[in-house]
Amino acid sequence: MTHDPGVTYLADYAPSAGCCAPRAALDSDAARIDLAGTWRFHLSPRADVPDDFAAPDFDDSGWVVLPVPSHWPLYGHGAPAYTNVAYPFPVDPPRPPEENPTGDHRREFDLPGDWVGADGAIGTVLRFEGVESCARVWLNGTELGFFTGSRLPAEFDVGHLLRAGRNVLAVRVHQWSAGSYLEDQDMWWLPGIFRDVTLLRRPAEPLDDVFVHASYDHTTGRGSLRVDSSAPALVSVPELGIDGLATGSSVTAAVEPWSAESPRLYDVTASTAVETVSLRVGFRTVSIVDGVLLANGTPLALRGVNRHEFHPDFGRALPYETMRADVLLMKQHNVNAVRTSHYPPHPRFLDLCDELGLWVVDECDLETHGFLFAGWRNNPSDAPSWCGSYLDRMRRMVERDKNHPSIVLWSLGNESHTGANLAAMASWVRERDPSRPVHYEGDHDCAYVDVRSEMYASHRETAAISEHTEIPFLLCEYAHAMGNGPGGLAEYVALFDRYPRCAGGFVWEWIDHGLRHPELEYAYGGDFDEPLHDGNFVIDGLLFPDRTPSPGLLDVKKAYEPVRFTFGPDSVTITPVRGDLSGLRFEWTVEPGGTGVLDVPAAGGTVPLPGFRRDGEVWLTVRAVLAADTAWAPAGHEMAWAQHRLHERSPPAVEPSTVSPLRMEGGYVVGSVALDRTGRLVELAGRPAGGPRLRLWRAPTDNDRIGRLYETWLAMGLHRLTERFDAVEAGDEVVVHTRAAAAATDRGVRVGYRWTPRAGAVALTVDVTPEAEWPEPIATLAVAFTLPATLDHVRWFGRGPGESYPDTGLAARFGRFHATVDELQTPYVRPQENGRRADVRWVTLTDAAGDGVRITGTTPFGLTVRRWPDSALAAATHRNELVAEEHLELSIDVGQHGIGTASCGPGTLPEYELFLEKTAFTVLFEPVKLG
């Protein structure tokens with residue numbers, strides 16, 4: 001087989017040449033050799049370079065070494081590039097660009113004589129699990145062929161070419177090919193051999209393919225098993241007493257069904273005289289009845305996430321340990337489903353989903369989103385010349401993954417518009433595997449899919465579709481987890497719970513795709529000088545790049561809880577949402593007041609609450625925790641919780657002061673507060689201080705910025721308010737009158753700051769009166785202060801321990817918390833508004849010795865404390881640009897605009913919008929010594 005160097009096959013509509021037929025990923029006892037490790041590597045800027053490197057005697061001693069699996073840009077050879085939708089090359093299908101980085105790889109390996117055999121005829125296949133985007137392969141100087149389909153396996157028959165002793169494998173990898181037009185999947189473009197390369201020995205009569213059909217009848221409790229194979233074999237299931245069952249034959253037995261909640265697997269073998277294949281089989285049936293998607297006769301409640309494969313150091317070349325850690329984190333945060341956006345994952349990830357329990361929507365390696373900018377002109381989805389490639393990709397995914405019980409939907413791909421080629425994929429998969437429904441969001445008419453799918457439908461749209469659809473409906477993407485957010489999660493999940501035909505949804509997405517960077521900490525689009533990029537739109541996950549859970553993931557855990565609590569005056573009703581309660585223990589805590597355990601039936605029910613002393617504001621917390629160790633979390637792991645206020649908060653009791661404010665030469669003294677002659681704060685509790693200043697603005701979140709609400713705030717001038725001090729009135733209290741406004745507008749805000757002495761404290765009452773009309777929403781209504789940087793130990797009673805905004809912070813509970821100022825910051829990769837604590841009753845800010853100030857609200861308030869001003873937070877593009885100042889910035893707010901999910905999806909729900917209106921609130925300041 002020969003090709004014009006670097007030209008013809010790269011623009012070929014055919015997906016491959018020389019490859020074996022696709023088959024299942026199997027665990028065989030036949031010998032195998034892992035070819036991972038150190039390879040020799042050379043990078044060329046173009047594709048049309050000589051292929052003499054494939055000769056076994058080629059001298060590669062001057063080449064660099066490169067680990068395989070890997071992406072070569074992550075090892076200093078070229079650079080990564082990120083685009084969301086746009087192709088980073090001219091759209092001229094099927095031709096790739098002329099400037100086409102090409103990586104030549106060489107790997108020498110030794111084979112023992114018994115592998116090859118006396119006549120050299122023993123079969124062997126060479127298997128690639130994933131290469132981006134096109135690979136041309138030689139073994140011992142003989143060309144095997146080429147393949148595209150980056151996230152799909154390819155195999156070559158190589159037994160006749162192997163030699164005892166030294167063998168040379170040569171692989172040429174091109175960054176761009178015709179296949180690149182089908183792989184525009186909102187991710188880093190990262191070429192390389194990024195998954196396993198393996199030699200698999202095949203016996204004389206190989207058991208090449210196996211297809212397990214294992215269903216479950218929920219009305220009888222029996223499972224049906226049939227194993228089809230490429231060669232006659234005998235099937236054994238020792239746990240079910242099945243031994244010597246011929247492949248192609250069916251048998252039934254009483255079994256425990258597989259589900260995400262109870263991932264029951266049975267060990268199965270299929271054996272010939274020369275080979276045994278081991279399988280882990282789960283019995284389950286997916287069906288659609290009256291428009292409801294069912295698993296084992298029960299409505300399938302998908303509480304999911306979208307997952308790209310990503311590691312900050314290795315890109316899509318994930319270590320197995322990272323895959324397992326991800327699945328454990330999902331399970332521990334009540335995620336029960338994964339959409340493999342937008343390509344099949346490494347097969348070992350699916351093994352983990354089978355073992356630990358996750359429903360999977362397995363998605364084909366297909367996206368042509370960039371044709372959107374051409375009005376979908378020449379889109380491959382409806383072009384006959386591309387049909388072979390579309391079907392090839394679907395076959396390779398389905399054949400590889402067909403034996404996984406975790407997979408409940410086949411997805412044709414993502415954002416490729418619509419057309420005959422997608423319909424052909426759906427038709428093929430229904431014929432090959434009718435046991436699983438077909439998904440594809442782009443089929444808006446539902447002409448060739450079995451479920452209706454939408455992206456980023458608003459809450460109102462979700463309700464309307466769920467109420468009127470005649471087929472199952474799911475949100476394959478919702479709640480865009482970019483930066484601070486997503487907001488509105490609880491309201492979405494309430495809709496999922498309400499409508500039987502709504503099967504649920506998948507949050508976008510699992511992890512921030514920040515690549516580790518020596519200067520920026522984590523890089524995103526544009527940080528590698530890409531001429532075309534989509535900035536930090538790739539930083540949109542529930543995990544930070546180092547896999548630390550973000551506040552968004554903690555909210556997902558709360559929203560996806562498998563248990564619901566409803567409190568009465570002296571009882572609590574506990575209801576299972578998914579599964580039953582048999583594996584849970586229910587603990588209660590009252591502070592102060594003690595702890596205990598509730599006796600809750602497995603089916604749930606109403607149980608009495610113990611009696612408590614109810615002085616002051618008292619909260620009861622009930623927690624559902626694992627009663628015993630599981631494969632994914634230890635006993636005591638919290639699955640769900642709820643709080644109930646047993647006793648209302650009493651207003652702060654502060655006696656009036658008998659001491660009036662003092663007028664001094666430089667200003668005024670009101671208890672522990674000193675003001676200058678214009679009424680500006682200069683000292684608080686014996687320490688220098690500044691403020692108060694009216695705040696109507698916040699550093700924009702990604703949702704503010706991309707959703708364009710930020711533009712409204714800029715036009716209003718909220719970020720550049722100036723405050724004019726108009727008058728000071730002094731008597732039994734000091735009242736400071738100001739007017740806040742922005743340049744170029746006549747709209748303003750009249751503010752009165754009323755400082756009143758109290759016994760041991762000073763009360764500050766803030767009166768806010770808008771002038772004229774303010775029809776647009778504002779970011780916040782707050783007053784800001786500066787305090788010494790040493791007061792960096794923060795204790796508070798309110799929601800915590802994490803941040804909370806009006807439509808986020810589901811995971812924040814009422815209690816007493818302590819953190820340093822640095823710990824209060826949420827480390828979003830792109831800095832933005834963060835770190836607010838909500839519903840605060842009181843807060844103390846002290847130095848290391850415990851000396852400082854206590855602030856108590858007569859009504860709950862929002863609290864933010866930082867080492868930099870909002871302007872610095874807004875200007876920073878990476879965390880390394882935030883530099884601590886010599887003082888702290890304290891903000892006390894009585895309102896924040898919601899977060900929403902407008903970076904991709906709906907904005908803030910109306911009930912979480914904030915508008916400026918006449919407002920008054922009071923806080924008390926008093927010195928404290930906690931040491």
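**Exercises: aromatic pairs and a small sheet**

Y181 is buried, with a relative accessible area of 0%. The model is predicted.

**Exercise 1.** Classify the ring pair of Y181 and F371, and find which parts of the chain the pair links.

*Solution.*
- The structure holds 29 aromatic pairs.
- In this one, the ring centres of Y181 and F371 are 6.2 Å apart, with 45 degrees between the planes.
- Centres within 6.5 Å count as a pair; planes under 30 degrees apart are stacked and over 60 edge-to-face. The Y181–F371 pair is therefore tilted.
- Y181 sits in the loop between β13 and β14, F371 in the loop between β29 and α4. They are 190 residues apart, so the pair links distant parts of the chain.
- F371 is buried too, at a relative accessible area of 1%.
- Both belong to one aromatic cluster with Y87, F89, W176 and W189.

**Exercise 2.** Work out the geometry of W796 and F817, and say which strands they tie together.

*Solution.*
- The ring centres lie 5.5 Å apart and the planes meet at 35 degrees, so this pair is tilted.
- W796 is in β55 and F817 in β56, so the pair ties together parts 21 residues apart in sequence.
- Both residues are buried.

**Exercise 3.** Which strands stand at the edges of the sheet β37-β38-β41, and why is one side of each left without a neighbour?

*Solution.*
- The sheet is open and its pairing antiparallel.
- β37 (563–567) and β41 (605–608) are the edges; each has a single partner strand, so one side lacks a neighbour in the sheet.
- The twist averages 25 degrees from one strand to the next.
- Five bridges join β37 to β38. F567 has V572 in β38 as its bridge partner.

Note on methods: Residues numbered from 1 in each chain as written. Predicted model: local features only at pLDDT ≥ 70, side-chain atom pairs only at ≥ 80, totals over all residues. Heavy atoms only, no water. Pairing = 2+ DSSP bridges. Helix = DSSP H or I, 4+ residues; strand = E, 2+ residues; numbered from the N terminus. Axes fitted to C-alpha atoms, helices over the stretch in contact; angles between N-to-C directions. Phe/Tyr/Trp six-rings, centres within 6.5 Å; stacked < 30°, edge-to-face > 60°. Buried < 20%, exposed > 50% of the residue type's maximum accessible area, 1.4 Å probe, protein only.
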